[in-house]
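Work through the exercises below with the structure open. Each task is followed by a stepwise solution.

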Amino acid sequence: MTAPDSRPSPGLLARALKKVGQLTSPETRSGQVFAKAERGLTQVAARLAESPTFLRVSGGLMRRGFTEQIRRTSMMEKTLHSLRVPTASEVEALRDQLRRMGDQVEALGSQLEHVVELLERQEQQPAPSSTPAPRRRRTPSSR
């Protein structure tokens with residue numbers, strides 16, 4: 001049985017959303033302050049998005065971050081290789097290879113089932129007469 005405080009009452013979310021609506025309503029003082037702050041922040045964000053300096057700095061920081069991430073990953077893989085432990089990319093490659101092999105085994109199984117069905121059909125057909133069919137002689141023109 002769960003504790004009584006572990007689940008919120010069904011009306012709690014509705015009451016919380018109603019309170020947020022009241023606080024952000026343009027008819028209330030808090031809502032007017034919220035709208036003014038939102039407009040100001042939107043203007044600042046728009047100016048930053050159009051600023052070549054901001055874009056250059058943020059692009060440089062992102063590039064450095066990605067470069068560091070690549071370097072850390074490379075160092076981690078080298079460390080794991082020195083310890084003879086497979087890396088995540090190697091494990092993923094093995095998973096893919098196993099998945100492909102599983103698909104091939106499944107395809108071979110289906111083909112084998114089909115061959116077995118064909119053999120069973122041949123066994124169920126009545127045996128032909130015991131006299132062998134006459135052989136055709138090869139003529140020089142058919143060679």
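A salt bridge here is a side-chain nitrogen of Lys or Arg within 4 Å of a carboxyl oxygen of Asp or Glu. The model is predicted.

**Exercise 1.** Find the partner of E92 and place the pair in its helix.

Solution. Step 1: the side chain of E92 meets that of R95, N to O, at 3.2 Å. That lies within 4 Å, so the pair counts as a salt bridge. Step 2: both residues sit in helix α4, residues 88-124. They are 3 residues apart, so about one helical turn separates them. Step 3: check exposure. E92 has a relative accessible area of 35%, and R95 has 46%. Partly exposed means between 20% and 50%, so E92 fits this class, and R95 fits it as well.

**Exercise 2.** Locate the salt bridges of D96 and E68.

Solution. Step 1: the search of the whole structure gives 3 salt bridges. Step 2: D96 pairs with R99, with the closest N and O atoms 2.9 Å apart. Both belong to helix α4, 3 residues apart. D96 is partly exposed at 29%, as is R99 at 47%. Step 3: E68 pairs with R71 at 2.9 Å, N to O. This pair lies in helix α3, about one helical turn apart. E68 is partly exposed at 34%; R71 is partly exposed at 46%.

**Exercise 3.** Which helices supply the nonpolar patch?

Solution. Step 1: list the members. They are V44, L48, F54 and L55, with about 320 Å² of accessible area together. Step 2: assign helices. α2 (29-50) and α3 (52-82) each supply at least two residues. L55 belongs to α3. Step 3: test L55. Patch members need over 30% relative accessible area; L55 has 44%.

Conventions
Residues are numbered from 1 along each chain as its sequence is written. This is a predicted model: local features need pLDDT of at least 70, side-chain atom pairs count only at pLDDT 80 or more; totals for chains, interfaces and linings use all residues. Side-chain values use heavy atoms; hydrogens and water are left out. Patches are made of residues with over 30% relative accessible area and no salt bridge: like charges are joined within 9 Å, nonpolar side chains (Val, Leu, Ile, Met, Phe, Trp, Tyr) within 5 Å. Accessible areas come from the Shrake-Rupley method with a 1.4 Å probe; for residues, only the protein chains shown count as cover. Helices (H or I, at least four residues) and strands (E, at least two) are DSSP runs, numbered from the N terminus. Buried means under 20% relative accessible area, exposed over 50%, partly exposed in between (1.4 Å probe, protein chains only).
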